[in-house]
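Please open the model in your viewer and keep the selection tool at hand. The tour goes from one selection to the next.

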Amino acid sequence: MEILTQYSFHYDDPPKYIRPAARGLVINDGKILLTYEKNKDVYMSPGGRREEGESFPECCVREIEEESGYIAQVIKPFAVINEYCFDTCYEAHYFLCEIKGQGESSLTPTEIDHGVEPRWVSVEKAVEIFSAFNTKAEDHRSLYLREYTILNKYLEYNKRKELVSSFLGKTVTIGIDRPLGFVHKKENYSLTYPINYGYIPGVLGGDGEELDVYLLGVNTPVDSFNCEIIGIAHREDDVEDKLIAAPVGLRFSKEEIEKAIRFQEQYYNTYIEVLS
C-alpha cells in the first residue's frame with residue numbers, strides 16, 4: 001500500500017496533533033460516492049476520525065454508513081496520505097469499497113449544520129471538482145488536493161489493471177531476463193529462479209518497467225519464448241501485477257501456479273486469476 005505525504009502552505013513540523021482517519025473509495029458504474037456539504041459547497045470522500053479501539057477498515061465502514069446511509073464492505077486497502085495542515089497531521093487511510101446494502105445515516109450536529117448529503121458523481125466530474133484545489137481557502141485547498149491526488153492514483157491503478165487483464169488469453173513473445181537457474185543476488189540474500197521469468201517488450205507495468213511474466217512449463221533456460229498468457233498474479237500490496245504464461249495450449253491449475261511462483265510471491269499478498 002502506497003504511503004504519500006502532502007503539505008499545506010502553513011504547517012507545523014512536527015505537528016501538534018495527529019488525526020487518524022479512514023475514507024472510502026466507493027466507485028460503481030463510473031460514478032463515485034462523495035459526501036457533499038451543501039451549505040459550504042464542499043465535496044470529499046466519505047470518512048472521518050477513527051474512534052478508540054476501532055480498526056481503520058471498521059472506521060471506514062461506519063463512516064460511510066453514518067454519512068450516506070449505505071452499508072459498505074472494504075475490498076482492499078488502497079493508500080495512506082499524511083496531510084500536514086496547520087498544527088495537525090491528518091493521517092487518511094483510503095480503502096476501495098463496495099456497497100452491500102442500505103443502512104441508516106447518522107449525522108453529527110456539525111454535519112447537519114453543514115448540510116451533509118451523499119452524492120454520486122461521475123469519476124471525471126469528481127476529478128474536475130477536486131482539480132480546482134488552488135481556488136480554495138487553505139484548509140479546503142489541502143482537502144481538495146488530497147482528494148485529487150487519491151483519485152488520480154485510482155485512475156492509474158484502474159488503467160494498470162485494465163492493461164494487465166487485456167493480455168489474458170493472448171499469445172505473445174516474451175523476453176527472458178532471468179532464465180531458469182538465474183541467481184539474483186542482493187546484499188542480504190540470494191534468490192535462485194526455479195522457472196523462466198521475463199517481460200513483454202515495450203509494455204510498461206505499474207513500476208514503470210516492462211511488464212513482468214512468469215513462464216511455466218518450459219524446463220530449460222530460454223532467451224525468449226512465444227507463449228500464451230494463462231493467468232495473472234494480482235498483488236494487493238504492490239504497484240504491479242505479474243502475468244503468467246505457458247506454451248500455447250498448455251494449462252495449469254490455480255494451485256499449480258501458486259506453487260510455481262511462490263518463490264517470489266510469498267513476500268506479497270497475491271491472488272491468482274486463471275484463464276477459464
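Begin by selecting Tyr144, which, leaving aside residues up to four places away in sequence, touches Asp41, Val42, Tyr43, Ile129, Phe130, Phe133 and Lys136, a contact being heavy atoms within 4.5 Å. This is a predicted model, in which local features need pLDDT of at least 70 and side-chain atom pairs count only at pLDDT 80 or more, while totals for chains, interfaces and linings use all residues. Residues are numbered from 1 along each chain as its sequence is written, and side-chain values use heavy atoms, with hydrogens and water left out.

Widen the selection to the largest nonpolar core, which has 28 residues, with Tyr43, Phe78, Phe130 and Tyr144 having the most contacts inside it. Such a core is a set of buried Ala, Val, Leu, Ile, Met, Phe, Trp, Tyr and Cys residues joined through side-chain atoms within 4.5 Å, where buried means under 20% relative accessible area, exposed over 50% and partly exposed in between (1.4 Å probe, protein chains only). Helix 4 (138–165) is among the elements that each supply at least two residues of this core, and helix 4 gives the most, with seven residues; helices are DSSP runs (H or I, at least four residues) and strands likewise (E, at least two), numbered from the N terminus.

A second, separate core of 17 residues can be selected next, including Ile176, Val203, Leu215 and Ile229.

Return to Asp41, in the loop between strand 3 and strand 4, whose phi is near 55°, a positive value in a residue other than glycine. Asp41 counts as partly exposed because its relative accessibility is 42%.

Finish at Pro14, in the loop between strand 1 (2–11) and strand 2 (17–28), where the peptide bond from Asp13 to Pro14 is cis, with omega near 10°.
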